Amino acid sequence: MRWLDSGGEGFSEQLRLLTEWRESSDRALAEVIDTVFEGVISRGDQALLEFTQRFDGLSVASAAELELPKEKMRAALEGLDAAPRQALSISAGRIRNYHQRQVQESWYYEDAEGTLLGQQITALDRVGVYVPGGKASYPSTVLMNVIPARVAGVREVVMVAPAPTGTISSMVLAAAAVAGVDRLFTIGGAQAIAALAYGTETIPAVDKIIGPGNLYVAAAKRRAYGRVGIDMVAGPSEILIICDGNCDPDWIAMDLIAQAEHDENAQAILLSPDGDFLRQVKAGITRMLPDMERRQIIRASLDGRGALIKTRDIADAVAIANLVAPEHLELAVDEPRRWLPHVRNAGAIFLGRNTPEAFGDYCAGPNHVLPTAGTARFSSPLGVYDFIKRSSVIMASEAGARLMTPLVTQLARAESLPAHALAAECRLPAKDGDVVG
């Protein structure tokens, strides 16, 4: 891990280079995505089967064989041992309870002239959820993506997950049952995104696609955007920890290690005004790393994008955090709530010494789908609000029409749109005494 000092010369540029993330522009990747989309759009199921065999190594006779019935999801849940089943159930309950507080209601009011104005809230009809598969198993991804959609009132949730061997992890299937997935297809990659965006004879087209994936999935989501909505195109996972030094250094070292084990491009940064504490954390990482199962990934992440940053004080650290706008921010300091109002840019904020970021990944309740690569400056965690639409409602009264028509006339004619003015004027109600006909 590199060592930086916020008071050192050139620190701002060093910080920018450390935290900057740019996805490589790969022409070959773009060509693959174009080929997949053009094939799925023009040839539907036939192309989907070809790409599934080509990229996932899964060969089936018909697209219908790619769908797993609900009975298999329920059977997977019932077949779990008590401990993992309870973990899924309790975590799902906490996630559901949190997101129910995000539900929005339609509202209406009448202005002084009696014109009805308002906002109608409606849920999306159908959502597609992508869950990574292959060697990995991500039941938490299922819970975090599906439950908010269900709380929002989405009518149908379609889940896709690659299954190169033809099977999906029992924990993922069980999570699908707990969360309330309606249909599940064993497809992945760009072909799954294209199928969800445009539909095939077997795969229904959706209104929005959410969920993480590899470079091909991310590129496919970007290509699909506009045809459907997407949650985000996320970069590598990241954590920024602020600690005053009054904490067990091994706790903080393990939080950094935990973040780094995601992948080689994950980013783990520690800020503290206590230089001795920073050195203790570094020593802890060095001591614990050889025992980590994913030590090669962790080492690559910490060497490539990790940092220990000595700051002037905690206020300086918070200011740096606002510049970085991290996906995860831990405030392992005395009186953490005192600093909370000063945090302006962060995907999720973990307060106090007893709140590791891992709680947020699995069971605390808030969503773990968070903005990365500095996008917390302008975007928010996945939530119920991502699965609803807001429609404006207007019903003019007679008095309201009389008020608004001259306004429309003036503004429309100023914009050289006279038909707009006439559309309002022709509806102007006649006043008492007006000559009609």
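This is a short tour of the chain, stop by stop, for use with the viewer open.

Before you start, note that this is a predicted model, in which local features need pLDDT of at least 70 and side-chain atom pairs count only at pLDDT 80 or more, while totals for chains, interfaces and linings use all residues. Residues are numbered from 1 along each chain as its sequence is written, and side-chain values use heavy atoms, with hydrogens and water left out.

**Stop 1: the whole chain**

Show everything as a cartoon. The chain has 17 helices and 15 strands; helices (H or I, at least four residues) and strands (E, at least two) are DSSP runs, numbered from the N terminus. Along the principal axes, the C-alpha atoms fill a box of roughly 95 × 60 × 45 Å.

Now switch on the surface. Its accessible area is about 21,700 Å², and carbon and sulfur atoms hold 50% of that (Shrake-Rupley method, 1.4 Å probe; for residues, only the protein chains shown count as cover). Of the 437 residues, 48% are buried, where buried means under 20% relative accessible area, exposed over 50% and partly exposed in between, with a 1.4 Å probe and protein chains only.

For contacts, the criterion is heavy atoms within 4.5 Å. Among contacts with a separation of 6 or more, 73% link residues 24 or more positions apart.

**Stop 2: the open sheet**

Select strands 1, 12, 11, 10, 13 and 14. In that order, these 6 strands form an open sheet with parallel pairing; two strands pair if DSSP finds at least two bridges between them. Strand 1 (2-5) and strand 14 (348-351) are at the edges with a single partner strand each, so one side of each has no neighbour in the sheet. On average, neighbouring strands of this sheet are turned by 15 degrees against each other, direction ignored. Axes here are lines fitted to C-alpha atoms, for helices over the stretch in contact, and angles run from 0 to 180 degrees between N-to-C directions.

**Stop 3: strand 10 and its partners**

Zoom in on residues 238-243, which are strand 10. Strand 10 is joined by 5 bridges to strand 13 (residues 328-332), running parallel, and 5 bridges also join strand 10 to strand 11, again parallel. Click on I239: H328 stands opposite in strand 13, and A268 is the bridge partner of I239 in strand 11.

Next, colour strand 11 (267-272). How many of the residues of strand 11 are buried? The count is 6 of 6. Both faces are covered, with Q267, I269 and L271 on one side and A268, L270 and S272 on the other.

**Stop 4: two helices across the sheet**

Add helix 10 (residues 249-260), which lies across strands 10, 11 and 13 at about 170 degrees to strand 10. Then add helix 13 (residues 314-324), lying across strands 10, 11 and 13 and running at about 165 degrees to strand 10.

**Stop 5: two buried residues**

Select L80, in the loop between helix 4 (70-78) and helix 5 (82-100). Is L80 buried or exposed? L80 counts as buried because its relative accessibility is 13%. Beyond neighbours within four places in sequence, L80 is in contact with R85, L88, S170, M171 and A174. Draw a distance from L80 to V151, 71 residues apart along the chain: their C-alpha atoms are separated by 25 Å.

Finish at T409, in helix 16 (residues 398-414). T409 has a relative accessible area of 12%, so this residue is buried. Apart from neighbours within four places in sequence, T409 is in contact with A421 and E425.
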